[in-house]
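Dear colleague,

I am handing over the structure we spoke about, and below it I have written out what was found in it. Please read the notes with the model open beside them.

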Amino acid sequence: MNTFGKRLTLTTFGESHGKAIGCIIDGVPAGLQIDEAFIQSELNRRKPGKSKLETGRKEDDKVEILSGVFEGVSTGTPIAMIIFNTNQKSKDYENVKNLFRPGHADFTYFHKYGLRDYRGGGRSSARETAARVAGGAIAKLMLRELGIEIQSGLCEVDGIKAESIDFEYAKNSKLYALDPNKEKIQEEAILTAKENHDSVGGVVLTTATGVPVGLGEPLYYKLDAVLADAMMGINAAKAVEIGDGVASTHLKGSENNDEITPEGFKSNHSGGMLGGISNGDSIIIKTHFKPTPSIFQEQDTVTTANEPVKCNLKGRHDPCVAIRGAVVCEAMMALVLADMTLLNMGRKMEHLRTLYSRSN
């Protein structure tokens, strides 16, 4: 499946070492101002090769809008965007052409489809997430009109946890670190792993503020369930926590309940959702990313003919995928919330009367 969403849908296409990657985002209402500079700035945040903390693959990630926009405004028709690949080094993968890289999707893709696109993982590569970021940027432009803001950053790297949260600081951090006092040791952990031809995992905190009450479609399209699905669909994501997440299992009900006052909730253990519906508080999500499976240490594996062999990788890889994953988490949050705002529009008769009343 390559399409995500119900009313606002994102379909992506392309492979890591193919000619291009791209997306089609459908369901965007007509009349939205499309800020191409903003879309490009979002891609620039995700693109590789910005520092020694990331893969050395240098892609401009220059996005081109092919359809759905006229004179800077959405037309209500599908918006197609394309990003041409310019810095592939497929020869780096010649030595793994007939074997499965440990920790990668090579094994499962081969057994499911019977084909082996060994060039950087093909469709399963995180390169595809650039298309999600492009689509997410459109969703962000929609949400901006509604006063909804999404932010993210790294709250943990290699087990080193942030003790304070500063989203403004994260915007200018090389690794989107949320805690200025932990950034240096987190960076050192990444670089040490890289020097040892290894990798580390990390945790991304993503929040959305200004979210109205009522988003989410119980029972089988709940906001929290769809957000978890969206985050788990990101390459290398292995766990998702909503609100207090795992920590809530260690609390009593009296500690975990968010008491309510006329001014709002006293706390936000729930992460801004109750019964799968947004409650008007901030949406809080943590996405846990595994260590990058591409490491430069000899490992045991098998060939496509199931023969034992040693795997020695070459190429350019992120020592911590969670860094650029932070930008992708924002995009997926935006796509979900934009979809939910459209789905929510017809849930009350007053909505329909407002739109279709003959007096209007």
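To begin with a short helix, Lys 171 and Glu 168 both lie in helix H4, three residues apart, which is about one turn of the helix. Please keep in mind throughout that this is a predicted model. The two side chains form a salt bridge, in which the closest N and O atoms are 2.9 Å apart. An α-helix has 3.6 residues a turn, so residues three or four places apart point the same way. Lys 171 has a relative accessibility of 46% and therefore counts as partly exposed.

The loops on either side of H4 hold another charged pair, formed by Lys 182 and Glu 163, whose side chains meet in a salt bridge with an N to O distance of 3.5 Å. This pair links distant parts of the chain, since Lys 182 sits in the loop between H4 and H5 whereas Glu 163 sits in the loop between S9 and H4, 19 residues apart. As for their surroundings, Lys 182 is buried, with a relative accessible area of 18%, while Glu 163 is exposed, with a relative accessible area of 68%.

Asp 179 is also found in the loop between helix H4 (167-171) and H5, and it deserves a separate look. Which side chain of opposite charge is nearest to Asp 179, and how far away is it? It is Lys 182, at 5.8 Å, and Asp 179 has no salt bridge although it is buried. A salt bridge requires the side-chain nitrogen to be within 4 Å of a carboxyl oxygen, so the distance of 5.8 Å does not qualify. What the side chain of Asp 179 does reach is the backbone nitrogen of Asn 181, at 2.9 Å. Leaving aside neighbours within four places in sequence, Asp 179 is in contact with Ala 162, Glu 163 and Ser 164.

Turning to the count of salt bridges, the total comes to 18. One of them joins Arg 45 to Glu 330, with the closest N and O atoms 3.0 Å apart. Because Arg 45 lies in helix H1 and Glu 330 in helix H8, the pair ties together parts that are 285 residues apart in sequence. Arg 45 is partly exposed, with a relative accessible area of 22%, whereas Glu 330, at 4% relative accessibility, counts as buried. Both residues belong to a network of salt bridges that links Glu 42, Arg 45, Lys 140 and Glu 330.

Helix H1 itself spans residues 36-46, and its buried residues are Phe 38, Ile 39, Gln 40, Glu 42, Leu 43 and Arg 46. What covers them includes two strands, S4 (63-67) and S7 (79-84), together with two helices, H3 (129-145) and H8 (322-343). At the start of H1, a side-chain oxygen of Asp 35 comes to within 3.1 Å of the backbone nitrogen of Ala 37.

The next feature is an open sheet of five strands, which follow the order S9-S8-S10-S16-S11 with antiparallel pairing. Its edge strands are S9 (160-161) and S11 (237-242), each of which pairs on one side only. Strand S8 (residues 149-157) is joined to S9 by two bridges, and the two run antiparallel; in one of these bridges, Val 157 has Ile 160 of S9 as its partner. Helix H5 (residues 183-195) lies across S8 and S9, running at about 65° to S8. Helix H6 (residues 223-232) packs on the sheet as well, where it touches S11 and strand S16 (283-289), and its direction makes about 155° with that of S11.

Finally, there are some backbone details that you may wish to look at in the model. Pro 218 and Leu 219 are joined by a cis peptide bond, with omega about 5°, and Leu 219 lies in the loop between strand S10 (202-209) and H6. Asp 61, in the loop between H1 and S4, has a phi near 50°, a positive value in a residue other than glycine. Asn 306, in the loop between strand S17 (299-302) and strand S18 (308-311), likewise has a positive phi, of about 65°, although it is not a glycine. Are these two residues buried or exposed? Asp 61 is buried, with a relative accessible area of 0%, whereas Asn 306 is exposed, with a relative accessible area of 59%.

With best regards

Note on methods:
Residues numbered from 1 in each chain as written. Predicted model: local features only at pLDDT ≥ 70, side-chain atom pairs only at ≥ 80, totals over all residues. Heavy atoms only, no water. Buried < 20%, exposed > 50% of the residue type's maximum accessible area, 1.4 Å probe, protein only. Helix = DSSP H or I, 4+ residues; strand = E, 2+ residues; numbered from the N terminus. Contact = heavy atoms within 4.5 Å. Polar contact = N/O pair within 3.5 Å; in protein donor to acceptor, adjacent residues only side chain to side chain. Pairing = 2+ DSSP bridges. Axes fitted to C-alpha atoms, helices over the stretch in contact; angles between N-to-C directions. Lys, Arg positive; Asp, Glu negative; His and termini not counted.
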